[in-house]
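Please find below a short note for a colleague who has not looked at this entry before. The sequence and structure come first, and the comments follow.

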Amino acid sequence: MTTTAPPTISLDDIRRTAEALEGVAVETPLVESAELSRRLGVPVWVKCEMHQPIGAFKVRGAYTAISRLTPEERARGIVTHSSGNHAQAVAFAARRFGARAVIVMAESAPAVKVEGTRRHGGEIVFTSRKEREATAEALIEREGLVMVAPYDNYDVIMGQATCAYEIFRAQPGVETIVCPIGGGGMLAGTCAAVGAIKPETEVRAVEPALHRSSAPRSRPESRSRSIRWKRSPTGWSRRRSGRSPSPTSVPRCAGRWRSPKRRSPRASASCSTRWDSWSNPPAPRRSRPSWPARSCPRDRRP
């Protein structure tokens, strides 16, 4: 069995990609967070990717990938599967090239993402979350569309690498980059930029503890029981079911745990700075039951 080595990404490759994004993606500011700096005892800078045209970094990768298609490929139309920012990014970039964009989205996609995708000219095909990739493949077979995957795409990764490239331009002495992980496109691009510019820089991948998008792909051969959270009259309770990766492979917020209903947008950015065990999260804060203690179903268990 033969394997293909991944392509090498050089600083010149990333620089040319960044130049091609001029006038499309914004070179967003790097702003020091006084609160995070105070908590952690070191200067902490935040990359403000919310200033991008679609409000997220995804435009970097989507535009880069679509710009590198041939005119014939763009004329066939573009398809992707996403229920969020990549969907908007592909629709936005395709419109700039006059190309058709078909987006396969989950029926449960947030309304704001659906509206944003349509506003940028995307054609939406709804399906279940588990059937998104299969539906996109069926569209490729039936209509000859070209896939621009959300993360498993070399040019998408190259586009995301420009974010870390800008960080080094603004702060050459950066020692650690904390990178969000979903599908892994931004993480791969960040690692590529670090390897090409300053290999001694540490990269830490983080994600919310209750949204383990990277977990099943981390170490499927080493798993333990997972914890799911179930709403009850007394608050949020833990229910063990299924299997999840080992504690060494799953990033988790090391700071204060927040329940899903009270989780703030800053939660994952402010406290996810190290690898920790998934199997024993702090117990959530519970409210008092609305009925007498003796009538609580929990007290009637044998």
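The numbered points below take up a few helices and the cysteines in turn.

1. The model is predicted, and the comments should be read with that in mind.

2. Helix α9 covers residues 185-197, a run of 13 residues. At 1.5 Å a residue it should span 18 Å, and because its end C-alpha atoms are 18 Å apart, the two values agree.

3. Which residues of α9 are buried? They are Gly-185, Met-186, Leu-187, Gly-189, Thr-190, Ala-192, Ala-193 and Val-194. The elements they pack against are two helices, α1 (11-20) and α8 (154-170), together with the strands β7 (176-180) and β8 (202-206).

4. The packing of α8 on α9 can be described further. Their axes lie 7 Å apart, at an angle of about 55 degrees. The pair therefore counts as oblique, and the crossing of α8 past α9 is right-handed. On the α8 side, the contact is made by Ile-157, Gln-160, Ala-161, Cys-163, Ala-164, Tyr-165 and Phe-168. On the α9 side, the residues taking part include Gly-185, Met-186, Gly-189, Thr-190, Ala-193 and Val-194, each of which is also on the list of buried residues. Ala-188 and Ile-197 of α9 take part as well.

5. How many disulfides does the structure hold? A search of the whole structure gives zero. Cys-179 is in no disulfide, and the cysteine sulfur nearest to its own, that of Cys-191, is 7.2 Å away. Cys-191 is likewise in no disulfide, with the sulfur of Cys-179 as its nearest, at 7.2 Å. A pair has to lie within 2.5 Å to count.

6. Are Cys-179 and Cys-191 buried or exposed? Cys-179 has a relative accessibility of 2%, so it counts as buried. Cys-191 has 40%, and therefore counts as partly exposed.

7. A second helix pair is α5 (residues 85-96) and α6. Their axes are 8 Å apart and make an angle of about 10 degrees, so the two helices are roughly parallel to each other. From α5, Asn-85, Ala-87, Gln-88, Ala-91 and Arg-95 meet Lys-113, Gly-116, Thr-117 and Arg-119 of α6.

8. Val-112 belongs to helix α6, which runs over residues 111-119. Its relative accessible area is 55%, so Val-112 is exposed. Val-112 and Gly-84 are 28 residues apart in sequence, and their C-alpha atoms are 8.9 Å apart in space.

Notes
Residues numbered from 1 in each chain as written. Predicted model: local features only at pLDDT ≥ 70, side-chain atom pairs only at ≥ 80, totals over all residues. Heavy atoms only, no water. Helix = DSSP H or I, 4+ residues; strand = E, 2+ residues; numbered from the N terminus. Expected span 1.5 Å × (residues − 1). Buried < 20%, exposed > 50% of the residue type's maximum accessible area, 1.4 Å probe, protein only. Contact = heavy atoms within 4.5 Å. Axes fitted to C-alpha atoms, helices over the stretch in contact; angles between N-to-C directions. Parallel < 35°, antiparallel > 145°, perpendicular 65-115°, else oblique. Left-handed = near helix turned anticlockwise from the far one by under 90°.
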